[in-house]
Every structure is written in structure tokens, then in C-alpha cells.
Amino acid sequence: MRKRLAVLAAACWLAVSPAHAQGKLNVITTTSDLASIAQEVGGDRITVESLARGYQDPHFVDAKPSFILKLQKADLLVVVGRDLEIGWLPPLIQQSRNAKIQVGADGYIDASAGARILEIPQGQVTRAMGDVHPQGNPHYWLDPENGKTIAHQLAQAFSRLRPADRAGFEQRLAAFENKVTEAEKRWMAGMAPFKGAKVVTYHRSFPNFADRFGLDIVGYVEPRPGIPPTPQHTLDLITEMKRQNVKVVMVEPYFDLKTPNSVGQATGAAVLVMPPSVGGVKEITDYISLFDYDIKLLTDALRKAGAK
Ligand SMILES: [Zn+2]
């Protein structure tokens, strides 16, 4: 009897190859950009799904009951962090009652660790400053160098939870890094003629993007982060844009175009609906095509405006 069991155990061991003994990692991300990078690194060894859609404002996501079900089954939760999801995610994590993904657990990954974070406020942050992020600007994924950092961190997390798949994760990480590095050459070349071009954005979504690609952001349609436009601020913005000859206003797809359009009419600036995330429009299917799309949109407008 004992011998038969041993034979049976050996047969089972052979039937399941060690690398696949544990099955796919079930990864949930808060945003589509993190899901895209996770897919690149995880390949067919993970399943991944984003809670927010790329055309939604990631600060304000409608928490659906289905999110709790997804979180209950997750092995890993990847968040943007820096308080981006503070308005909607914490109760969902709690209600999932999934010990693996609670803050501080092995399956809770803050993708901002190690990324280059801008706009970390100096001194005390007060409510009067609006929705200022005390931990710095959370829109850091819009620098492709930060995309590589995120990928690195995910490869480490995946390998920790699935050590048998480590080699595969590392191989796909290297392939992704190479792909981004190659793409960066064409993005930098495309943007080079417009170095220092002055733009206005609706929300503070693009400081990392501007920093990487050489744009000068001279103002915002929002008077303060998270605060809707006011008539006085809009008038001041128009005056400033005329003074500095700003020819482009970049608007995230989830904001009302009424104020940006009137600013555009008053100043002659082009109003661009510029998605900050994968899935913001249907052409943007992954992290690389996000930059391809945005940079084409921007360079076409800057060329037309004769900026620089
Ligand atoms: Zn923000």
C-alpha cells in the first residue's frame, strides 16, 4: 500500500512540470497602465485585470461591488500609490478580506517605490492648497523611464511569489526594457524640434511627461488640483497664455471641454484631448502605443502652430 502511494505521488510529480506547479498568478491593478506593464512582464504566467478604465479619472473611480469580488481572488494587487487611489481603494481592500493584498502584505505592491517622483511639496500641506498630493505627483508613469522601474519591481514581485518562473519573468523584463529604450529614441527624436515648447494642461497629469520630453508647462485650467475652473482663473490663464504665446492646451479625456474650448478660442491655442492612460482611446492598446499616440498628437499640433 505504501509503495503504491509512493508510485502515485511520483506519477503526479511528473505530470505537473515544476515550473507550472502553482498555476498562474492572479494580478489586479488599479490602472490600465500598470496592467499593461504587468502583462509585458508576466506573459502567460499571470492573468491581469485593471479596476479603472483608461478613460476614467483615476482619482475618482466608481467603486463597483464586482471590484470586491476581483480583489477577493487576487494573489497580487498593484497600485499607483502616492495617494492617487486614496478616494476609492482603501475600503475595497478592506472589504475584500483578502489577507494577501492588505497594505503591507506580500501581495500589495506600490508601483511608485523607486520611481522618479516630482512635485513633492516642501513644508506643510493645507486644505487651502486644494487636492495637493503630499507624497508628490502620482502621474509618474508618464515618463517611460519610470515605466521600466515599474516593470522591474513587478518582475521581482512575480518572482517572489512564483520562484519557479523567475527566469521567464526576467527574460520578459529585459525584452520590455529593450522595447521601451528603442521606442524612446523615436519619441525623443519626434519631440526634439519642439524643445521648450510652452503648453497648458487641465490637471497636473503631465509633469513627468513634460520633464522627459522637454515641454514647458506654464499653467493649468484647474485653479488648483482637483478644483474646477473659475471665471477669474480662466481670465488670468488667457492673459498669461497670450503673454507667453502658448499654442497648445492638453486636456485629459475625462474633463469637460467647455472651459478649455473657450480658452482655445480666446488665445488661438489648439485644444488636444490627450489620454494619460492605456485605453484612453481605442488606438492606445498598450504602454508603448500610449506614448506613440500622445507624441504624434502633440507634435502634429505644435508643428501646425509653428511653435519653435
Ligand atoms: Zn492628479
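# A guided tour from strand β7 outwards

Begin by selecting strand β7: V248 and M250 point to one side of this strand, V249 and V251 point to the other, and all of them are buried. This arrangement fits a general pattern: in a regular strand the side chains alternate between the two faces of the sheet. Please bear in mind throughout that the model on the screen is predicted.

**The neighbours of β7.** Keep β7 displayed and add β5. These two strands pair in the parallel sense over two bridges, and V200 has V249 of β7 as its bridge partner. Next, add strand β8, residues 270-273, which runs parallel to β7 and is joined to it by four bridges. Here V251 stands opposite V273 in β8. If α9 is now shown as well, a right-handed β-α-β unit appears, made of β7, α9 and β8.

**Helix α8.** Select residues 231-244. This helix has 14 residues and reaches 20 Å from its first C-alpha to its last, close to the 20 Å expected at 1.5 Å a residue. Which residues of α8 are buried? They are H233, T234, L237, I238 and M241. Turn the view to look down the axis of α8: its buried residues fall within an arc of 140°, so they line one face of the helix. A general rule helps in reading such a view: an α-helix has 3.6 residues a turn, so residues three or four places apart point the same way. On the face of α8 turned away from the buried side, select the exposed residues L235, T239, K242 and R243. To see what covers the buried residues of α8, display β5 (198-201), β6 (216-220), β7 (248-251) and α9 (258-267), which are included in that cover. Then move to N245, which follows α8 and has a positive phi, near 55°.

**Helix α4.** Select residues 89-96, where L89, L92, I93 and S96 are buried. Seen down the axis of α4, these buried residues fall within an arc of 100°, so they line one face of the helix. They pack against α3 (65-72), β3 (76-79) and β4. Just after α4, R97 takes a positive phi of about 55°.

**The zinc ion.** Select the zinc ion together with H59, H139 and H203. Each of these residues is listed with its NE2 atom as coordinating the zinc ion, at 2.1 Å. Along the chain, the donors follow the spacing H-x79-H-x63-H. H139 and H203 link distant parts of the chain, being 64 residues apart: H139 is in the loop between β4 (108-110) and α5 (144-161), and H203 is in the loop between β5 and α7 (207-213). Are H139 and H203 buried or exposed? Both are buried.

**Residue Q153.** Remain with helix α5 and select Q153, which is found there. At 19% relative accessibility, Q153 counts as buried, because buried means under 20%. Leaving aside neighbours within four places in sequence, Q153 is in contact with I109, D110, A111, S112 and A113. Add L173 to the selection: Q153 and L173 are 20 residues apart in sequence and 9.9 Å apart in space, C-alpha to C-alpha.

**Strands β1 and β2.** For the last stop, select residues 25-29 and 46-50. These are strands β1 and β2, which run parallel and are joined by five bridges. V27 stands opposite V48 in β2. Finally, add helix α2, residues 32-42, to complete a right-handed β-α-β unit with β1 and β2.

Conventions: Residues numbered from 1 in each chain as written. Predicted model: local features only at pLDDT ≥ 70, side-chain atom pairs only at ≥ 80, totals over all residues. Heavy atoms only, no water. Expected span 1.5 Å × (residues − 1). Buried < 20%, exposed > 50% of the residue type's maximum accessible area, 1.4 Å probe, protein only. Arc of directions from axis to C-beta. Contact = heavy atoms within 4.5 Å. Pairing = 2+ DSSP bridges. Right-handed = clockwise from strand over helix to strand, strands pointing away. Donors = N, O, S within 2.8 Å, 3.2 Å for Na, K, Ca; no water.
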